[in-house]
Amino acid sequence: MIKPKKSLGQNFLIDKNIIDRITNIVAIKDKSILEIGPGTGSLTKSILEKNPKKITVIEKDKYLAELLNKKLNTEINIINNDILEIDENYIDNDKLTVFGNLPYNISTEILCKWILNIKEDNFWFECLILMFQKEVADRIIAQYNTKNYGRLSILSNWKLKIKKICDVKSSSFYPKPKIDSSVLLFLPKLDFFPLNDPKSLEKLTRTFFMHRRKMLKKSYNLLFNGNINVANKLNIDLNLRPQNLNFETYYKLSKEFENLGS
Ligand code: SAH
């Protein structure tokens with residue numbers, strides 16, 4: 001029996017219905033697959049049954065990577081490494097269909113890293129199918145004027161189309177986590193708003209949402225040195241709160257913020 005490691009966020013999926021549901025979201029046949037954190041291989045086996053062209057898995061836990069190597073080494077390509085250490089743009093020449101029941105403690109870090117690292121419109125993936133804590137998923141899919149709206153939704157919606165597939169009860173995992181999860185599907189957005197430096201969007205949203213309940217005025221003045229022109233041009237009422245500006249306005253603001261420096 002495997003002893004799950006808390007430090008690596010190991011909560012293994014044991015619910016066959018959920019596993020099947022996840023591997024039925026998109027067509028897998030003849031696709032090149034990447035799985036992050038395969039663990040004991042429950043998703044991996046279900047993916048294999050659907051005849052992909054190939055599967056690469058990235059597993060940080062040496063012990064689990066070796067176990068998978070014994071069980072499935074002729075069928076999958078195993079990389080024993082930390083996903084955060086890998087440049088995802090160079091994993092494969094094919095566009096990848098990505099699966100990940102990610103460790104909770106690094107799931108948002110991975111998603112943000114991937115979004116910020118997409119090279120212009122050169123998406124390295126065809127789609128991402130990822131599991132998140134339900135409350136994190138709710139923040140990712142949030143629309144403006146709601147309490148969950150914030151940096152994660154604005155950053156995710158910039159380059160990705162997002163669809164919630166389902167919630168997953170905590171009893172679907174071993175060991176059972178304290179909270180429920182949700183599965184999200186992400187697809188490349190080809191008509192995303194062009195920015196020269198994604199870091200501008202990150203900085204801008206970080207500054208605004210640090211004071212989520214305060215009026216926009218204070219953060220705006222900090223970012224734009226008290227110059228009201230941009231707010232006027234974009235028709236922004238600075239008495240509103242950060243959650244009241246829609247996606248497009250944040251992208252336009254970031255563009256203006258970039259222009260300040262040039
Ligand atoms: N996909 C499996 C396991 C999920 S648990 C299932 O659904 O049953 C999360 C897995 O991610 C574990 O196997 C853990 O060892 C692995 N993991 C944790 N941090 C990682 C990292 N930084 N890079 C790659 N894998 C990681």
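A salt bridge here is a side-chain nitrogen of Lys or Arg within 4 Å of a carboxyl oxygen of Asp or Glu. E126 and K31 form one, with their closest N and O atoms 2.8 Å apart. This pair links distant parts of the chain, 95 residues apart. The model is predicted. The structure holds 16 salt bridges, and a ligand occupies the largest pocket.

**Salt bridge E126–K31**

- E126 sits in strand 6 (residues 125-133), while K31 is in the loop between helix 1 and strand 2 (32-36).
- E126 has a relative accessible area of 33%, so E126 is partly exposed.
- K31 is also partly exposed, because its relative accessibility is 26%.

**Salt bridge K16–D20**

- The side chains of K16 and D20 meet in a salt bridge, at 3.0 Å from N to O.
- Both residues belong to helix 1 (residues 16-23).
- They are 4 residues apart, which is about one turn of the helix.
- K16 counts as partly exposed because its relative accessibility is 47%.
- D20 has 25% relative accessibility and therefore counts as partly exposed. The cut-off for buried is under 20%.

**Salt bridge E256–K233**

- E256 and K233 join their side chains in a salt bridge, with 2.7 Å from N to O.
- E256 is in helix 10 (residues 247-261) and K233 is in helix 9 (residues 229-233), so the bridge ties together parts 23 residues apart in sequence.
- E256 is buried because its relative accessible area is 14%.
- K233 counts as exposed, because its relative accessibility is 60%.
- The pair therefore joins a buried residue, E256, to an exposed one, K233.

**Salt-bridge network**

- K53, K54, D92 and D94 belong to one network.
- Salt bridges that share partners join these four residues.

**Ligand site**

- There are 22 residues around the ligand.
- Q10, G37, E59, D82 and N101 come nearest to the ligand.
- E59 also places an N or O atom of its side chain 2.5 Å from an oxygen atom of the ligand.
- L13 approaches through its backbone: a polar backbone atom is 2.9 Å from an oxygen atom of the ligand.
- I83 has a backbone N or O atom 3.0 Å from a nitrogen atom of the ligand.
- On its own, the ligand has 570 Å² of accessible area, and the protein covers 99% of it.
- The largest pocket is the space taken by the ligand.

**A142: a buried loop residue**

- A142 is found in the loop between helix 5 (134-140) and helix 6 (151-159).
- With a relative accessible area of 6%, A142 is buried, because buried means under 20%.
- S153 is 11 residues from A142 along the chain, and their C-alpha atoms are separated by 5.9 Å.

**S182: a buried strand residue**

- S182 has its place in strand 9 (residues 181-188).
- The relative accessible area of S182 is 0%, so this residue is buried.
- The side chain of S182 makes a polar contact of 2.8 Å with the side chain of D167.

Definitions and conventions:
Residues numbered from 1 in each chain as written. Predicted model: local features only at pLDDT ≥ 70, side-chain atom pairs only at ≥ 80, totals over all residues. Heavy atoms only, no water. Helix = DSSP H or I, 4+ residues; strand = E, 2+ residues; numbered from the N terminus. Buried < 20%, exposed > 50% of the residue type's maximum accessible area, 1.4 Å probe, protein only. Near = heavy atom within 4 Å. Polar contact = N/O pair within 3.5 Å; in protein donor to acceptor, adjacent residues only side chain to side chain. Areas by Shrake-Rupley, 256 points an atom, 1.4 Å probe, with all protein chains shown as cover. 1 Å grid on protein atoms, 1.4 Å probe; cavity = no way out; pocket = protein on both sides within 12 Å on 5 of 7 lines; lining within 4 Å. Sits in = over half its atoms within 2 Å of the grid points.
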